[in-house]
Amino acid sequence: MRNACCLLASTLSAVSVAGAQTTVVTFTNGAEGWIGPTGPGGSTSIVATGGNPDANMRTVFNNFGISFFNSTNQAFLGDFTTAQSATIGIDVRVENLSFFGTPVSRPLLVELRDTTNPPAGYGWKSVWYVFAPLSSAAQSSWTSFSVTFDPNATALPPGWGGYGAENAVGEPQLPAGTTFRDVLKGVDAVVFTTLQPGFFYGFTDFTVRIDNLRVTRVQPNPADLDGSGTVNAADLSILLAAWGECPPKGACPADLNGDGLVDAADMSVLLAGWSA
Ligand SMILES: [Ca+2]
Ligand SMILES: [Ca+2]
Ligand SMILES: [Ca+2]
């Protein structure tokens, strides 16, 4: 234990951050899977300047709402439940948002869709989060929005809604028996949209730019032995309590390198993941 003490002292300054993967679509490398509104209502294109910074996606469109859709860029898709926390964000600038010439606001939300085995009468089930009302007054300059959530939550976190069924008064909700986590387990499409489920909108003129569409997934740290989200003295004391042989191999959470012993090597792994 004397060695453990000295190792602790010498390693505490070497703080590393728990595993987090972040992907940012800056549009400098093209759309990277993101598709904006197209069709008779207008057009969407990537423009090289005027973003936050530089390249950005700009849409000029007249419709009930606009949606930016991705079902191919895997960084935003798939199983979120392997992460202990996830963050999705977008930067937006509104040049024009009006209804027959009068400025109006429309909600901006992110919707995570599970299109596998959709409920009868629906194209998908989803969970969605409203960032803020969009308007030319509120986002005349670039504005960042993001939401951080626990993908393993079963109940809808505050601010989130569900889609795929209706309650008794016709409001959208998740189908009975489907949890937030169930949707996050298999996300097939991610959409940034002004179309909030359960609401109807008139034809609206949109001139909107988006940039820095981003997703971060924070993987659980195996050294977080008590599952608190941080690696600190509480985890160290769990490791020390498990010190010694750990048969059978792989059965002890504190055996971080899986060699059948809880010893200084595991403590070194834990300290490398120290959250401070
Ligand atoms: Ca950019
Ligand atoms: Ca912990
Ligand atoms: Ca070990």
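Two strands are said to pair if DSSP finds at least two bridges between them, and that idea will be needed at several stops of this tour. The model on your screen is a predicted one.

**The sheet of five strands**

Begin by selecting β4, β13, β7, β8 and β10, which in that order form an open sheet of 5 strands with antiparallel pairing. In general, the strands of a sheet pair through backbone hydrogen bonds, either parallel or antiparallel. At the edges of this sheet you will find β4, residues 67–70, and β10, residues 160–163, each of which pairs on one side only. If you turn the view to look across the strands, you can follow a twist that averages 20 degrees from one strand to the next.

Now keep β7 (residues 106–114) and β13 (residues 189–193) in view, and hide the rest for a moment: the two strands pair in the antiparallel sense over 5 bridges. One place to look is L112, whose bridge partner in β13 is V190.

Next, select D114, which also lies in strand β7. Is D114 buried or exposed? It counts as buried, because it has 21 C-beta neighbours inside 10 Å, and the cut-off for a buried residue is 20 or more. Leaving out residues up to four places away in sequence, D114 touches W124, K125, S126, V183, G186, V187 and D188. For a distance to try in the viewer, take the C-alpha atoms of D114 and F192, which are 78 residues apart along the chain and separated by 15 Å.

**Strand β5 and its partners**

Move on to β5, residues 85–99, and look for the strands beside it. With β14, β5 pairs in the antiparallel sense over 12 bridges, and within the two strands you can pick out D91, which stands opposite D211 in β14. Strand β9, residues 143–149, is joined to β5 by 7 bridges and runs antiparallel to it; here the pair to select is V92 and T143, which stand opposite each other.

A further partner is strand β6, residues 102–103, which is joined to β5 by 2 bridges, again with the strands running antiparallel. F99 has T102 in β6 as its bridge partner. The hairpin of β5 and β6 has 2 residues between the strands, and in this hairpin F100 takes a positive phi near 50 degrees.

**The nonpolar cores**

Which residues touch the most other members of the largest nonpolar core? Select V92, V110, L112, W128, F192 and I210, which hold that place in a core of 40 residues. Several elements give two or more residues to this core, including β3 (54–63), β8 (125–134), α2 (180–184) and β14 (204–218). It is β5 that gives the most, with 6 residues.

Stay with W128 and show what surrounds it: apart from its neighbours within four places in sequence, W128 is in contact with L109, V110, E111, W160, G161, Y163 and P197. There is also a second, separate core of 13 residues, and among its members are A223, L225, C246 and V262.

**Two helices**

For the next stop, select helix α3 (residues 233–241) and helix α4 (residues 264–272), whose axes come within 11 Å and cross at roughly 170 degrees. That angle makes α3 roughly antiparallel to α4, because angles over 145 degrees count as roughly antiparallel. To see where the helices meet, show D235, L236 and L239 of α3 together with D266, M267 and L270 of α4, the residues that make the contact.

Then select A241, which is found in α3. A241 is exposed, with 11 other C-beta atoms within 10 Å. From A241 you can draw a line to A254, which is 13 residues away in sequence and 9.2 Å away in space, C-alpha to C-alpha.

**The whole chain**

Finally, zoom out until the entire protein chain is visible, with its 4 helices and 16 strands. The domain assignment divides it into domain 1, made of 2–16 and 222–272, and domain 2, made of 20–218; colouring them separately will help you to see that their centres, taken over C-alpha atoms, are separated by 41 Å. The C-alpha atoms fill a box of roughly 75 × 45 × 30 Å along the principal axes. Of the 276 residues in the chain, 30% count as buried. Among contacts with a separation of 6 or more, 69% are between residues 24 or more positions apart.

Conventions:
Residues numbered from 1 in each chain as written. Chains lettered and ligands numbered in written order. Predicted model: local features only at pLDDT ≥ 70, side-chain atom pairs only at ≥ 80, totals over all residues. Axes fitted to C-alpha atoms, helices over the stretch in contact; angles between N-to-C directions. Buried ≥ 20, exposed ≤ 12 C-beta atoms within 10 Å, placed from the backbone. Contact = placed C-beta atoms within 7 Å. Domains from an automatic or database assignment. Core = buried A, V, L, I, M, F, W, Y, C linked by C-beta atoms within 7 Å. Parallel < 35°, antiparallel > 145°, perpendicular 65-115°, else oblique.
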